[in-house]
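Reader: Got a minute to go through this model with me? Let's start with the ligand site, then the backbone.

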Amino acid sequence: MHENATPDPATTTPLDRAAAAAADGPPALRFPYDATALTETPISTERLVLRPLEASDAPDVFEYQRIPEVLRYIPWPERDRGEGYEATARRAAARVLAGDGDYFVLAMTLPDTPSVGDDDGPRVIGDIMVRVSSFANARLELGWIVHPDFQGRGYAYEAAAAVRDFAFDRLEPHRLEAYLDPRNTASAALCERLGMRHEGTMLEEAYNDEWQDSAVYGMLRRDWAASLT
Ligand SMILES: CC(C)(COP(=O)(O)OP(=O)(O)OC[C@H]1O[C@@H](n2cnc3c(N)ncnc32)[C@H](O)[C@@H]1OP(=O)(O)O)[C@@H](O)C(=O)NCCC(=O)NCCS
């Protein structure tokens, strides 16, 4: 680990960690932020283009939204096509980050793979959400989903790494975090690949037809900065 990064909680004292945190200064999210700007200047990765989700993406989104295996570890209800399209319209309309709970969703589009919808655009194979967990404490949360036909090829990692870098660079959170069911090993592996640390697990934290644990993953701004050097 780079010397400026967070001391490993397993091998350092709370005092060491407090000293490192003090060097970071107070929270300073660069808000408000309107993700609509990314329509004109999307985030491009090696294989993907990430731009704000649109209501017209509903047919592509429904292709993964309706698969029970995809919903297993996310708190979305099973939806019929009409409900799915409405949910996509709501998520597409959320664009401005200004306070707690605000979010935007970026569509992962795959150039040269046609949409299942009526337009001729590229297919939306998944999406990534950026949500404000705490404005006062400069904490942002990431969430992700990829159509099973496109999983296991590194697309989620490619997109999430680009959004992680965009978020730290443009929005300046102190912490980026993810919450997931610990049985969701694909999502846990993605967090680890992104450089997020497993900080702990809240037992039976939520009830979604059954009591579910919630694993907390986090990455501090200085960890990200150190990873760039
Ligand atoms: C979580 C989720 C997005 C992860 O997707 P994923 O495709 O497994 O993730 P990645 O893009 O990181 O791909 C990783 C796999 O692709 C492989 N891969 C292939 N080419 C690759 C490349 N160019 N770069 C990186 N990995 C590559 C990796 O080796 C890895 O395979 P492995 O798991 O056998 O080691 C996906 O499982 C999902 O959508 N789940 C349902 C929704 C959900 O639960 N969301 C999270 C809620 S917290």
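**Ligand site and backbone**

Author: The space taken by the ligand is the largest pocket. A pocket is an open set of points on a 1 Å grid over the protein atoms alone, with protein on both sides within 12 Å along at least five of seven lines, and a 1.4 Å probe fits at those points. A molecule sits in a pocket if more than half of its atoms lie within 2 Å of its grid points. This is a predicted model: local features need pLDDT of at least 70, side-chain atom pairs count only at pLDDT 80 or more, and totals for chains, interfaces and linings use all residues. Residues are numbered from 1 along each chain as its sequence is written, and side-chain values use heavy atoms, with hydrogens and water left out.

Reader: Which residues come nearest to the ligand?

Author: Trp144, Val146, Gly152, Ala156 and Arg193, out of 20 around the ligand. Near means a heavy atom within 4 Å.

Reader: What is the mix by class in that shell?

Author: There are 12 nonpolar, five polar and three charged residues. Ala, Val, Leu, Ile, Met, Phe, Trp, Tyr, Cys and Pro count as nonpolar, Asp, Glu, Lys and Arg as charged, the others, Gly among them, as polar.

Reader: Which element gives the most to the shell?

Author: H7, with four residues. Strand S7 (139-146), helix H6 (155-171), strand S8 (175-180) and helix H7 (185-194) each supply at least two. Helices (H or I, at least four residues) and strands (E, at least two) are DSSP runs, numbered from the N terminus.

Reader: What about polar contacts, N or O pairs within 3.5 Å?

Author: A ligand oxygen is 2.7 Å from a polar backbone atom of glycine 152. A backbone N or O of valine 146 lies 2.8 Å from a ligand oxygen. For glutamine 151, a polar side-chain atom lies 3.3 Å from a ligand oxygen.

Reader: How much of the ligand does the protein bury?

Author: 67% of the 960 Å² that the ligand exposes taken alone. Areas come from the Shrake-Rupley method with a 1.4 Å probe.

Reader: New topic. Which peptide bond is cis?

Author: Phenylalanine 31 to proline 32, with omega near -5 degrees. Proline 32 is in the loop between helix H1 (14-22) and strand S1 (33-34).

Reader: And alanine 138, buried or exposed?

Author: Buried, at 0% relative accessibility; the cut-off is under 20%, with exposed over 50% and partly exposed in between (1.4 Å probe, protein chains only). Phi of alanine 138 is near 55 degrees, a positive value.

Methods
A polar contact is a pair of N or O atoms within 3.5 Å; within protein, one must be able to donate a hydrogen and the other to accept it, and residues adjacent in sequence count only if both atoms are side-chain atoms. On a 1 Å grid over the protein atoms alone, a cavity is a set of points where a 1.4 Å probe fits but cannot get out, and a pocket is an open set with protein on both sides within 12 Å along at least five of seven lines; lining residues have an atom within 4 Å of a point.
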